[in-house]
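Here are my notes on the model, set out as numbered points for you to check against the coordinates. I begin with the residue I would ask you to look at before the others.

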Amino acid sequence: CSYFPRPRSYLTSTMTDRFDCYYCRDNLHGKKYVKKDEKHVCTKCFEKLCANTCAECKRPIGADSKELHHKNRYWHEDCFRCAKCYKPLASEPFSARDDGKIMCGKCGSREDGNRCQGCYKVVMPGAKSVEYKNKMWHEECFTCFECKQPIRTQSFLTKGDDMYCVPCHDKKFAKKCFHCKQPITSGGISYQDQPWHSECFVCHTCRKPLAGARFTSHENNIYCVDCYKTDVAKKCHGCKNPITGFGHGTNVVNYEGYSWHEYCFNCKKCSLSLANKRFVINAELVYCPDCAKKL
């Protein structure tokens with residue numbers, strides 16, 4: 001609330017030129033007057049023609065009265081009171097209601113506490129209602145922001161100031177599993193920057209859960225170590241074991257459709273390692289150039 005006293009009134013007694021009221025032309029020498037918009041007005045004309053009307057008592061706010069105003073409405077200081085408890089509010093916190101009533105902070109809080117946050121109507125005693133964070137709603141007004149259905153006794157989640165039923169919240173905000181495309185409501189696993197349900201992150205072949213276990217991927221599918229060795233990995237042409245890339249044997253030599261562990265790519269006769277060296281293939285066997293000459 002802003003407090004503005006009336007424009008200053010004073011007596012004049014020394015002026016010798018004519019000094020009249022702007023409206024009634026009455027001589028103002030030696031009389032009390034008000035300066036309004038650069039015009040000199042006697043107190044009688046001021047109250048009749050210029051004074052603001054008190055929003056409470058509907059009477060003019062005279063030159064000698066203290067005036068309070070709020071949002072283009074005016075009051076006598078003594079009329080500016082709480083509409084509920086009638087407490088003077090000239091120097092107190094207050095709130096202006098939608099119906100124009102002025103209330104002290106205590107009465108305003110009490111009034112707000114019983115007003116539905118959905119329809120802004122009063123929640124009558126005994127009516128079905130929902131209370132959340134010291135605010136109140138009619139039961140039918142406490143609805144999901146997305147589907148607009150009443151939440152009633154269901155669980156709900158919030159996003160900012162909005163309430164959501166669990167299905168709508170999960171659909172709108174929860175991460176979607178990379179495998180099944182359904183929302184991940186709790187837990188989950190991240191692999192290659194993609195979220196997964198724990199129950200979806202399983203071996204493509206045996207369906208064994210892979211959370212916390214060693215695994216590898218092949219053509220967008222994931223496999224446990226055993227299934228990868230058995231069903232996916234190429235077999236070394238030398239030792240006939242799978243080339244898995246796990247631990248020893250990571251490097252691979254490929255030639256004409258055959259694959260070898262690097263440590264298996266040796267001369268069949270002298271066992272010389274031929275990785276990154278010249279070699280000769282004879283009857284699907286690998287030889288160094290010297291041993292090949294002796295065949």
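1. Leaving out residues up to four places away in sequence, His76 touches Cys54, Cys57, Arg59, Pro60, Ile61, Gly62, Ser65 and Lys66. This histidine has its place in strand S6, which runs over residues 73-76, and because its relative accessibility is 15%, under the 20% cut-off, His76 counts as buried.

2. These contacts should be read with the origin of the coordinates in mind, since this is a predicted model. The protein chain averages a pLDDT of 82, and 91% of the residues score at least 70. Confidence is lowest in strand S1 (residues 2-5), where the mean is 41, and highest in strand S12 (residues 162-165), where it is 92. Over residues 1-15 the pLDDT is below 50, although this stretch has 40 contacts in the model beyond near neighbours in sequence, and I would treat those contacts with caution.

3. Which residues of helix H1 are buried? In this helix, which spans residues 43-50, they are Cys45, Phe46 and Cys50. They lie on the same side of H1, because the arc that they cover around the axis is only 105 degrees. The cover over these buried residues includes strand S3 (33-36) and strand S4 (39-42), whereas the face of H1 turned away from the buried side carries the exposed residues Lys44 and Lys48.

4. Two backbone conformations deserve a look, as each has a positive phi at a residue that is not a glycine. For Asp37 the phi is about 50 degrees; this residue lies in the loop between S3 and S4, and because its relative accessible area is 58%, over the 50% cut-off, Asp37 is exposed. For Lys240 the phi is about 70 degrees; the residue is found in the loop between helix H4 (225-232) and strand S17 (252-255), and with 51% relative accessibility Lys240 also counts as exposed.

5. The largest pocket has a volume of about 380 Å³. Its lining is made up of 16 residues, and those that lie nearest the centre are Gln117, Trp137, Asp161, Asp162 and Met163. Strand S10 (135-138) and S12 are the elements that give two or more residues to this lining. By residue class, the lining divides into seven nonpolar, five polar and four charged residues.

6. Is Cys144 buried or exposed? Its relative accessible area is 0%, and Cys144 is therefore buried; its place is in the loop between S10 and strand S11 (156-159). Setting aside neighbours within four places in sequence, Cys144 is in contact with Gln149, Ile151, Met163, Tyr164, Cys165 and Cys168; one of these partners, Met163, is also among the residues that lie nearest the centre of the largest pocket. From C-alpha to C-alpha, Cys144 and Ala127 are 20 Å apart in space, with their positions 17 residues apart in sequence numbering.

7. Finally, Gly126 is found in the loop between helix H2 (105-113) and strand S9 (129-132), and because its relative accessible area is 85%, this glycine is exposed. The C-alpha atoms of Gly126 and Pro60 are separated by 44 Å, the two residues being 66 residues apart along the chain; Pro60 is one of the residues that His76 touches.

How values were computed. Residues numbered from 1 in each chain as written. Predicted model: local features only at pLDDT ≥ 70, side-chain atom pairs only at ≥ 80, totals over all residues. Heavy atoms only, no water. pLDDT = per-residue confidence, 0-100. Helix = DSSP H or I, 4+ residues; strand = E, 2+ residues; numbered from the N terminus. Contact = heavy atoms within 4.5 Å. 1 Å grid on protein atoms, 1.4 Å probe; cavity = no way out; pocket = protein on both sides within 12 Å on 5 of 7 lines; lining within 4 Å. Points joined across faces, edges and corners; volume = space filled by probe spheres on them. Nonpolar A, V, L, I, M, F, W, Y, C, P; charged D, E, K, R; others polar. Buried < 20%, exposed > 50% of the residue type's maximum accessible area, 1.4 Å probe, protein only. Arc of directions from axis to C-beta.
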